[in-house]
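Reader: I have just opened my first protein model, and I would like to learn how to read it. Could you take me through it feature by feature?

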Amino acid sequence: MTSRNKSNNIWKFVDDYLKMDETALAKSIAHHLEFSVCKNRRTLKKIDIFESLALAIRDRQVELWNDTQQSYYESDCKQVYYLSLEYLMGRSLRNNLINLDLADVCRKVMEENGYDLADIEELESDAGLGNGGLGRLAACFLDSMATLELPASGYGIRYEYGIFEQKIENEAQVEYPDNWLAQGYPWEIQVFDETHSVKFYGHVREEIDQKGRKSYHWEDTQDVLALPYDVPIAGYQTRTVNTLRLWQAKPSKDFDFALFNEGDYMRSVEEKQKSETISKVLYPNDKNFSGKELRLKQQYFFVCASLKDIIRRYKVNHQSFDKFADKIAIQLNDTHPSIAIPELMRILMDEEGLDWDAAWTITIRVFAYTNHTVLPEALEKWPVGMMGHLLPRHLQIIYDINDQFLDEVKERYPGDLDILGRMSLIEEGFGKQVRMHHLAFVGSHAINGVAALHTELLKKTIFRDFYAMYPERFQNKTNGITHRRWLLGCNPELSELITKKIGKGWIKSPEELKNLIPFANEPRFQKDWYKVKQTKKEQFCKWLQREQGIEIKANSLFDVQIKRIHEYKRQLLNVLHIIALHNRILANPNAAFVPRTVILGGKAAPGYYMAKLIVQLANDVARVVNNHPQIGDRLKVVFLENYRVSLAEKIIPATDISQHISTAGTEASGTSNMKFSLNGSLIIGTMDGATIEIREEVGEDNIFIFGMTDDEVKKKQKAGYNPRVCYQNTLELREILEMINTGYFNRDDPHLYNDIYNTLIYDDTYMLLADFSSYLSCQEKVGQTYLDQETWTRMSILNTANMAKFSTDRTIAEYARDIWQIEPMNVRPIGTKIR
C-alpha cells in the first residue's frame with residue numbers, strides 16, 4: 001500500500017463529523033478523561049471534568065474550524081485581520097456551548113453524571129488577555145465576525161500573566177500576579193510550524209546599486225521567535241469558526257550550552273529570560289525607561305509576527321502583491337498596533353522589492369484605524385531616541401512618511417509653519433517624540449470614532465487639522481456588545497422570560513427585542529420581570545457572602561459602578577454621594593430613606609497614584625458606613641475585589657441602577673452602559689459617549705441624565721473654571737470635603753487623603769464639584785422613582801427592548817460594509833483535506 005493510500009484511509013475517518021447529541025458528547029468527555037487528562041474514577045477531580053468537557057467542545061469547534069480555514073483558502077476571499085493588544089475574553093465554556101447550540105445537551109450530560117454545569121463553569125479561569133473596555137470590545141467583535149460569517153482573524157499576544165490580580169488589604173489595592181495559565185488553557189492549540197522571527201536593535205546598512213537605487217539592510221539584530229497559539233472562535237449557530245492567533249515570545253536559542261558547561265548558569269539562560277519577558281505581562285508599568293521600552297517591544301513583536309503571518313497566508317494563492325489590498329484588510333484597534341504601518345512598508349520594500357510608491361499605495365488601502373480616546377495622556381508617543389535604538393529602520397521609514405506627508409500639508413497651507421508643527425508625525429521640542437495617533441491616521445484610508453459624540457470630538461480636537469484636509473476618511477462606528485453573551489449567557493432567567501413572550505428570534509436578530517414594547521405596561525409581565533430581577537439579586541447576594549464574606553439585602557436598591565478606575569470616570573463623585581447619604585442619615589435618623597447598596601469595582605493601574613488613592617478612600621468609606629450602627633441596612637457600600645468579566649456577568653443582571661458619570665466629552669463610548677441596559681438596569685449618567693445614543697434609543701423618560709454637556713464643559717473651561725466657588729457656595733459639599741481632608745475616614749493616617757482634597761479644590765480637571773449638585777438631585781430622583789416599582793419595571797423593560805442598536809452584530813456589519821468591503825462567506829462541510 002502506498003503512503004498516499006494510507007493517507008486517504010486515515011482522512012476518510014477524519015471527515016466523519018462528531019455528533020452533537022448527549023451520547024456522543026458523553027463519549028467524548030469520557031475519552032478525554034482517560035486519554036487527555038489521564039484520570040480514572042479514583043483520581044478524578046472536578047477540574048478534570050471541566051478540562052475534558054472543554055476539550056470535547058473544542059473538538060467540535062476544530063472540525064468546523066478546519067472547514068472554515070479550508071473554505072477561505074479555496075475561495076481566495078478577501079479577509080480582515082484585527083490587530084489588538086488585548087482581548088478581554090473572560091471564560092469561554094458557556095459562550096462556546098451557546099454558539100454551538102450545545103448548552104442544553106451539555107447540561108443534561110452533566111446532570112446524568114452527578115454534576116451541575118454551573119459549578120463546572122466556575123472552575124474556568126478568566127483569560128488574562130485584556131484589561132478594560134477596549135479588550136472586551138475586541139472579544140465581542142470576534143464573536144460577531146464569526147456569527148455574521150465574515151472571513152476574519154484576530155491577532156494578539158499570549159500573555160503569561162494578566163494585568164494583575166487585585167486584593168484589597170487594609171482598604172488599599174495590592175497587586176499580585178494573575179497566573180491565569182496555572183491550570184492550562186484548553187481552548188488554545190499550539191502551532192509549532194508557523195513560528196516567525198522578530199528583530200530588535202541592530203543598525204541599518206544602506207546600499208546603492210549600479211543604477212543608483214538604494215536598498216536597506218537591517219543587521220546585527222537581536223532576534224526573538226514568535227510562537228503562535230490558536231483559539232477557535234465559533235459564531236452563533238453557523239458553520240464559521242474563525243481564529244484568534246496569540247503570539248508567545250521565545251528565544252532564538254534556549255540557552256548558551258558553553259556557558260552552562262562552564263558553570264555560569266545565570267548567563268546561560270539570560271537570552272531566554274529577556275526574550276520571554278516580552279509576552280510575560282499585560283501592560284507592564286511604563287513609569288520608567290525599561291517599562292516604556294518593553295511596551296514598545298510588545299507592540300512591535302505582535303505586529304511583526306502578525307504581518308508576516310498575513311503575508312504567508314496571502315502567498316498561498318498569490319505570487320505578487322498586485323492583489324494584496326484587494327484581498328487583505330487590517331484594522332488597528334487603537335494606536336497600540338500602529339507600528340504596523342512602517343513595518344508593512346519595510347517588508348514590502350526591503351524584503352519584497354517594491355518601490356516606495358507601490359508600497360505606500362498598498363499600505364494606505366490595507367489599513368484602517370479605530371481611535372478610542374481624546375484624552376491627551378492616552379495618546380501614545382514614543383521617544384525618538386528609543387524608537388531609533390529599538391527599531392532603527394522603522395524610524396527611518398517614519399521620517400520618510402512624515403516628509404512626504406508634510407509636503408502635502410505645505411501644498412495645502414503654504415507658509416503656515418504652525419500647522420506643520422501641529423500635524424507632523426514628530427513632536428518637536430525637548431525630547432522629540434513620535435506621535436503614534438498621527439502615524440495611524442496618515443497610514444490609514446479610514447479612521448473611525450466609537451460613538452457619535454466621540455467622532456465629532458475627534459474632528460474638532462485632536463484630528464481637527466486632519467479632518468480639514470481629509471474629511472472623507474472619517475467615519476463613526478458606535479461600539480456594541482454581543483447580546484448573546486451579555487443577556488442569553490449571563491442572564492438565562494431573563495432570556496427565558498423574553499423568549500416565552502416574543503420567541504427566540506431575538507438571539508440571532510436583536511431588533512426583535514422591540515417586540516417587548518407592547519408588554520411594558522402589562523401587569524403580569526411586569527410582575528414576572530420584577531421576579532427575575534429579584535432572583536438575580538438574591539443569587540448575587542449569596543455569591544458575595546460566599547466569596548467576600550459581605551452580607552447585603554436583595555430588597556435594597558443596587559446602585560452599581562464597575563469599570564477601570566480613572567479620574568475621568570469619576571468614581572470619586574460616586575464616593576462623594578455615598579458620604580452625602582451617610583451624613584443625611586445621621587443628621588435625620590428618623591427620616592425615610594430608600595435602602596441602597598452601592599457597589600463599586602475596578603482596577604487602578606499599578607503606577608496611577610490618584611486612582612489607587614480613590615480605591616483606598618472608597619474602601620475606607622465603606623468600612624465606616626458599614627460599621628455605623630445608626631446607618632444599619634439603609635446604606636451599604638461594597639468594593640468588589642478583582643473585578644473581571646466573570647464577575648461582571650454576575651453583578652450586571654442583578655443591578656437596578658448603573659452609573660456612567662464621566663465628565664462630558666471624555667468617555668469615547670463606554671460599553672458597560674450597554675450591558676446594563678440590555679439586562680434591564682436603568683442608567684444614571686452624563687451626556688457622554690454612547691450614553692447619549694442610549695438615551696435616544698430608550699427615550700429620555702427611561703434614563704436619568706445629569707450634569708453639564710460637552711459644550712457647557714468647554715464653555716466653563718474657557719471662562720476659567722474655579723472649583724473653589726463650588727466649594728464655598730455648597731455647604732453639603734464643603735462638609736464632605738472637610739471630612740475627607742481631616743481624617744474622618746482614616747483616623748490612623750488623617751492626612752492620607754489631603755491630595756484628593758487639594759486636587760478637587762485647586763484643580764478639579766474633571767469638574768466633579770461643578771456637577772456635584774446636579775448629580776445629587778438626580779440620585780434623589782432615582783430613589784423616589786425606585787419606590788414606584790410599576791414605573792421602574794416599565795422603564796426596565798423598555799431599556800431592554802430598545803437595545804438592538806448596540807449589538808456588535810450591527811457594528812461589525814457596518815465595518816464590513818463601509819471600511820473593510822468584505823462579504824459573508826457560507827462555509828460548506830468539506831471535511832479535512834491535506835494542503
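Author: Happily! Let us start with a word we will need soon: a contact means heavy atoms within 4.5 Å. This is a predicted model, in which local features need pLDDT of at least 70 and side-chain atom pairs count only at pLDDT 80 or more, while totals for chains, interfaces and linings use all residues. Residues are numbered from 1 along each chain as its sequence is written, and side-chain values use heavy atoms, with hydrogens and water left out.

Reader: Which residues does Gly783 touch, not counting residues up to four places away in sequence?

Author: Gly783 touches Val594 and Arg596. Gly783 itself lies in helix H33, residues 768–787. Helices (H or I, at least four residues) and strands (E, at least two) are DSSP runs, numbered from the N terminus. Gly783 and Phe593 are 190 residues apart in sequence, yet their C-alpha atoms are 8.4 Å apart in space.

Reader: Is Gly783 buried or exposed?

Author: The idea here is relative accessible area: buried means under 20%, exposed over 50%, and partly exposed in between (1.4 Å probe, protein chains only). With a relative accessible area of 5%, Gly783 is buried. In the chain as a whole, 59% of the 835 residues count as buried.

Reader: How many helices and strands does the chain have?

Author: The chain has 35 helices and 23 strands. For its overall form, we use the radius of gyration, taken over C-alpha atoms, and the globule rule, which is 2.2 Å times the number of residues to the power 0.38. The radius of gyration is 28 Å, close to the 28 Å that the rule gives for 835 residues, so the chain is as compact as a globular protein of that length. Along the principal axes, the C-alpha atoms fill a box of roughly 90 × 75 × 65 Å. Among contacts with a separation of 6 or more, 77% are between residues 24 or more positions apart.

Reader: How do I read a sheet?

Author: Strands of a sheet pair through backbone hydrogen bonds, either parallel or antiparallel. Two strands count as paired if DSSP finds at least two bridges between them. One open sheet here has 6 strands in the order E20-E19-E18-E21-E22-E23, with parallel pairing. Strand E20 (635–640) and strand E23 (704–705) each have a single partner strand, so one side of each is left without a neighbour in the sheet.

Reader: What joins strand E18 to E19?

Author: Strand E18 (residues 557–562) is joined to E19 by 6 bridges, and the two run parallel. Asp559 stands opposite Val598 in E19. Strand E19 (residues 596–601) is mostly covered, with 6 of its 6 residues buried. Arg596, Val598 and Leu600 point one way, while Thr597, Ile599 and Gly601 point the other way. Remember Arg596? Gly783 touches it. In the same sheet order, strand E21 (residues 657–660) and strand E22 (residues 682–685) pair in the parallel sense over 4 bridges, and His660 stands opposite Gly685.

Reader: Where can I find antiparallel pairing?

Author: Try the open sheet of 3 strands, in the order E13-E15-E14. Strand E13 (381–383) and strand E14 (426–427) stand at its edges with a single partner strand each, so one side of each has no neighbour in the sheet. E14 pairs with strand E15 (residues 433–435) over 2 bridges, and Ile426 stands opposite Val434.

Reader: Which two strands form a hairpin with 2 residues between them?

Author: Those are E3 and E4. Strand E3 (residues 165–169) and strand E4 (residues 172–176) pair in the antiparallel sense over 5 bridges, and the bridge partner of Ile168 is Gln173. Strand E3 has a covered face, Gln166 and Ile168, and an uncovered one, Glu165, Lys167 and Glu169. In the turn, Asn170 has a positive phi of about 55°.

Reader: Why would a positive phi catch the eye?

Author: Most residues other than glycine have a negative phi. Asp76 is a case to look up, with phi near 55°, and it lies in the loop between helix H3 (46–75) and strand E1 (79–83). Gln237 has a positive phi of about 50° and is found in the loop between strand E9 (222–234) and strand E10 (241–251). Gln237 is partly exposed, with a relative accessible area of 43%.
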